[in-house]
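I opened my notebook to keep a short record of a first look around. Come along and follow the entries with me.

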Amino acid sequence: MSLRYKSTRGQKVFSLSEAIHQGLAPDGGLFVPVNFPLIDFEKVKRGEQALWAFANYCLSPFFIGDPLEKSLPEICKKAFDFPAPLKKLNQNTSVLELFHGPTLAFKDFGARFLAGCLSASGVEKTILVATSGDTGGAVASACYRQPGLQVVLLFPQGRVSYRQEQQLTCWGENVRSFAVKGSFDNCQNMVKALFNDPQARHRFNLTSANSINIARLLPQMVYYAQASWQFFEKEGKCPSFVIPTGNMGNAVACFYAKRMGWPIDRIALSTNANKTLCRFYDTGEFIPETSLKTLANAMDVGCPSNFERLRNLYENDEELKKDSTCSSVTDQEIKEAIKEAYEKYQEVFCPHTATALQMRKQLDDGPWIIVSTAHPAKFSEEIEPIIGGTVSVPADLKNLLDKEKAFEVIEAKPEALLAALTHH
Ligand SMILES: *Cc1c(COP(=O)(O)O)cnc(C)c1O
């Protein structure tokens with residue numbers, strides 16, 4: 001029997017491929033699996049195995065009966081070609097490092113998996129992305145030189161950091177970058193306008209790569225599954241996770257892994273000063289707000305889009321709260337957590353990961369696994385003054401920083417984007 005997908009807002013079912021190509025469901029909801037396959041522990045291999053092979057085992061039930069089923073091993077081989085090591089920090093705390101991919105953040109897993117799915121489907125696609133920083137770089141890197149894929153990146157001119165701009169503009173070939181004379185919201189509105197224009201959508205075969213796409217979410221289950229399984233085999237206990245959270249894509253994947261039966265105890269969500277999610281945990285009301293700018297900028301989200309998936313997963317809020325908690329961390333606390341970890345363990349953490357370090361202090365013995373979402377070198381300008389030392393830059397980032405930049409500047413209007421696409 002093939003696994004089906006439905007919208008969080010309706011009962012009509014779709015295949016996985018349909019859900020991937022549409023991105024957002026026609027009724028405006030998010031695609032979710034109709035049911036969760038349970039793992040058969042008899043069949044899980046004991047001991048170490050390559051991450052891609054583990055990914056193939058973990059994800060195969062979600063691909064059954066879909067045109068992409070045959071391609072899954074190949075997609076996993078390409079997407080999971082870097083490790084996600086689990087390291088002990090102290091007695092009851094470990095760190096899961098998700099930043100060993102080409103753009104040094106966990107988004108590499110989802111972006112590379114999605115690119116693999118789109119490319120394997122064999123249909124020519126133009127992926128349109130508005131980005132305020134990290135997502136665009138991960139998508140560009142993932143799609144670069146992938147057959148059948150064109151990437152168009154929009155970023156607000158002069159409003160991304162030097163390193164972020166480099167990661168958005170150093171590609172060429174099938175990746176085009178546009179610096180928009182406006183804000184991130186302008187970029188997003190231009191993308192939306194083109195998606196809402198059936199003629200443009202059809203003509204360029206537009207698709208989206210943002211974090212609501214189910215093909216970015218599913219692969220993120222893999223590292224939670226593997227880390228919890230490894231931990232359980234070694235220590236005989238189910239670990240809990242502390243996850244730095246913004247749009248909740250990473251966190252929802254952990255809830256999904258737990259639902260499959262992987263040995264995960266509780267899930268703690270650490271946010272920055274943006275408190276929409278924490279208020280929900282406190283009051284039961286979900287009230288979106290405009291986002292605040294913080295040190296952990298990839299988590300500056302006032303309306304977490306994957307919240308709808310989380311709510312859909314549980315019968316009621318009480319059940320959800322039995323499994324999970326949420327805590328908001330200020331910029332001052334982020335700085336203190338970075339400094340403290342450096343002094344205590346001689347380890348440098350990025351500002352996003354620091355929210356989880358801070359939240360860990362309020363939690364019980366656990367054992368807890370802190371999810372480390374980005375390499376600190378991506379944020380050296382913020383981190384170096386805090387620790388009073390330098391952060392060394394890994395080879396991958398050095399290579400990117402040395403490449404030549406190329407981008408076009410356009411007005412913040414949908415017509416300008418349409419003209420630029422047409423003239424290519
Ligand atoms: C995107 C991002 C996050 C937040 O992840 P969500 O899935 O949006 O909750 C956290 N840390 C880093 C470094 C990120 O790039």
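Below are my notes on one sheet, the helices packed on it, and one further helix.

**The sheet.** I am working with a predicted model. I looked up the strand order first and found six strands in an open sheet, running 4-5-13-10-11-12 with mixed pairing. Strand 4 (86–90) and strand 12 (324–328) are the edge strands; each has a single partner strand, so one side of each lacks a neighbour in the sheet. I also checked the twist: on average, neighbouring strands here are turned by 25 degrees against each other, direction ignored.

**One strand pair.** Next I picked strand 10 (residues 240–244) and strand 13 (residues 368–372), which pair in the parallel sense over three bridges. Which residue of strand 13 is the bridge partner of Phe241? I found Ile369 there.

**Helices on the sheet.** Helix 11 (residues 249–260) packs on the sheet and touches strand 10, strand 11 (267–271), strand 12 and strand 13. Its direction makes about 180 degrees with that of strand 11. Helix 12 (residues 276–283) packs on the sheet too, touching strand 11 and strand 12, and its direction makes about 130 degrees with that of strand 12.

**Helix 10.** Then I turned to helix 10 (residues 221–235), which has 15 residues. From first C-alpha to last, helix 10 reaches 21 Å, close to the 21 Å expected at 1.5 Å a residue. I noted its buried residues, among them Met221, Tyr223, Tyr224, Trp229 and Phe231. Just after this helix, Gly236 has a positive phi of about 70 degrees.

Key
Residues are numbered from 1 along each chain as its sequence is written. This is a predicted model: local features need pLDDT of at least 70, side-chain atom pairs count only at pLDDT 80 or more; totals for chains, interfaces and linings use all residues. Side-chain values use heavy atoms; hydrogens and water are left out. Two strands pair if DSSP finds at least two bridges between them. Helices (H or I, at least four residues) and strands (E, at least two) are DSSP runs, numbered from the N terminus. Axes are lines fitted to C-alpha atoms, for helices over the stretch in contact, and angles run from 0 to 180 degrees between N-to-C directions. Contact means heavy atoms within 4.5 Å. The expected span of a helix is 1.5 Å times one less than its number of residues. Buried means under 20% relative accessible area, exposed over 50%, partly exposed in between (1.4 Å probe, protein chains only).
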